[in-house]
Amino acid sequence: MEKKIKVLMVEPMKEPYPAEVENTLEGLQKAIGGYIETVYLEDYVVLVCNEEGKLIGLPGNRSLGNDIIAGTFFVAGSNDDGDFVSLTEDKIRQYSDRFQKTETFTQEQVEDASVIFSLDFSK
């Protein structure tokens with residue numbers, strides 16, 4: 001397992017940038033400011049965000065489908081075992097383009113998105 005992994009960091013109202021994070025639970029939590037939640041974007045690519053971001057009122061960052069990710073998140077690679085690994089340069093470019101545009105949300109929009117997101121999965 002890699003001790004540090006290269007990720008694409010995405011902070012609210014900032015352009016994405018490559019960063020290194022310590023590949024431990026504590027290091028991952030420190031990078032996003034709380035408990036981690038993972039969302040697979042595609043095979044071997046995972047978005048890691050703060051599980052409680054909306055609950056604790058973190059600002060909306062970027063939209064993802066019908067949802068809004070609250071607070072800082074990063075995009076990392078993953079392997080067949082589900083471990084986090086460094087993101088490839090191609091994927092860093094791809095997701096830099098995807099998350100390049102900053103977005104502005106009201107707190108109400110962020111809260112409403114979590115209701116929509118929850119309903120999508122209850123069907």
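## Exercises on a predicted model

At 2% relative accessibility, Phe99 counts as buried. The model used throughout is predicted.

**Exercise 1. Classify the ring pair of Phe73 and Phe99, and say which parts of the chain it ties together.**

Solution.
- Step 1: take the geometry. The ring centres of Phe73 and Phe99 are 5.1 Å apart, and the planes stand at 75°.
- Step 2: apply the cut-offs. Centres must lie within 6.5 Å, and planes over 60 degrees apart count as edge-to-face. The pair of Phe73 and Phe99 is therefore edge-to-face.
- Step 3: place the residues. Phe73 belongs to strand S7 (residues 73-78). Phe99 sits in the loop between helix H2 (89-98) and helix H3 (107-122).
- Step 4: conclude. The pair ties together parts that are 26 residues apart in sequence.
- Step 5: check burial. Phe73 is buried, at a relative accessible area of 0%.

**Exercise 2. Find the aromatic partner of Tyr95 and decide whether the pair is stacked.**

Solution.
- Step 1: the partner of Tyr95 is Phe99, at 6.3 Å centre to centre.
- Step 2: the planes of Tyr95 and Phe99 make an angle of 25°. Stacked requires under 30 degrees, and this pair is stacked.
- Step 3: both Tyr95 and Phe99 are buried.
- Step 4: assemble the cluster. Ring pairs link Phe73, Tyr95 and Phe99. The aromatic pairs number 2.

**Exercise 3. Sort helix H2 into a buried side and an exposed face, and say what covers the buried residues.**

Solution.
- Step 1: list the buried residues of H2. They are Ile92, Tyr95 and Ser96.
- Step 2: test whether they share a side. Their arc around the axis is only 110°, so they lie on the same side of H2.
- Step 3: turn to the face pointing away from the buried side. Exposed Asp90 and Asp97 are found there.
- Step 4: identify the cover. It includes S1, S2, strand S3 (36-42), strand S4 (45-50) and S7.

**Exercise 4. Describe the pairing of strands S1 and S2 and the hairpin they form.**

Solution.
- Step 1: S1 covers residues 4-10 and S2 covers residues 17-22.
- Step 2: the two strands run antiparallel, joined by 6 bridges.
- Step 3: pick out a facing pair. Lys4 stands opposite Glu22 in S2.
- Step 4: inspect the connection. The hairpin has 6 residues between the strands. Met13 takes a positive phi near 60° in this hairpin.

**Exercise 5. Three of the salt bridges involve Lys14, Lys54 and Asp90; find each partner and describe its setting.**

Solution.
- Step 1: set the total. The whole structure holds 5 salt bridges.
- Step 2: take Lys14. Its side chain meets that of Glu11, at 3.4 Å from N to O. Lys14 is partly exposed at 44% relative accessibility, whereas Glu11 is buried at 19%.
- Step 3: take Lys54. Its partner is Asp67, with the closest N and O atoms 2.3 Å apart. Lys54 lies in the loop between S4 and strand S5 (60-64), and Asp67 in strand S6 (residues 67-70), so the pair ties together parts 13 residues apart in sequence. Asp67 is buried, at 7%.
- Step 4: take Asp90. Its partner is Arg93, with the closest N and O atoms 2.5 Å apart. The two are 3 residues apart in helix H2, separated by about one helical turn.
- Step 5: compare accessibility. Asp90 is exposed, with a relative accessible area of 52%. Arg93 is partly exposed, at 48%.

How values were computed
Residues numbered from 1 in each chain as written. Predicted model: local features only at pLDDT ≥ 70, side-chain atom pairs only at ≥ 80, totals over all residues. Heavy atoms only, no water. Phe/Tyr/Trp six-rings, centres within 6.5 Å; stacked < 30°, edge-to-face > 60°. Helix = DSSP H or I, 4+ residues; strand = E, 2+ residues; numbered from the N terminus. Buried < 20%, exposed > 50% of the residue type's maximum accessible area, 1.4 Å probe, protein only. Pairing = 2+ DSSP bridges. Arc of directions from axis to C-beta. Contact = heavy atoms within 4.5 Å. Salt bridge = Lys/Arg side-chain N within 4 Å of Asp/Glu carboxyl O.
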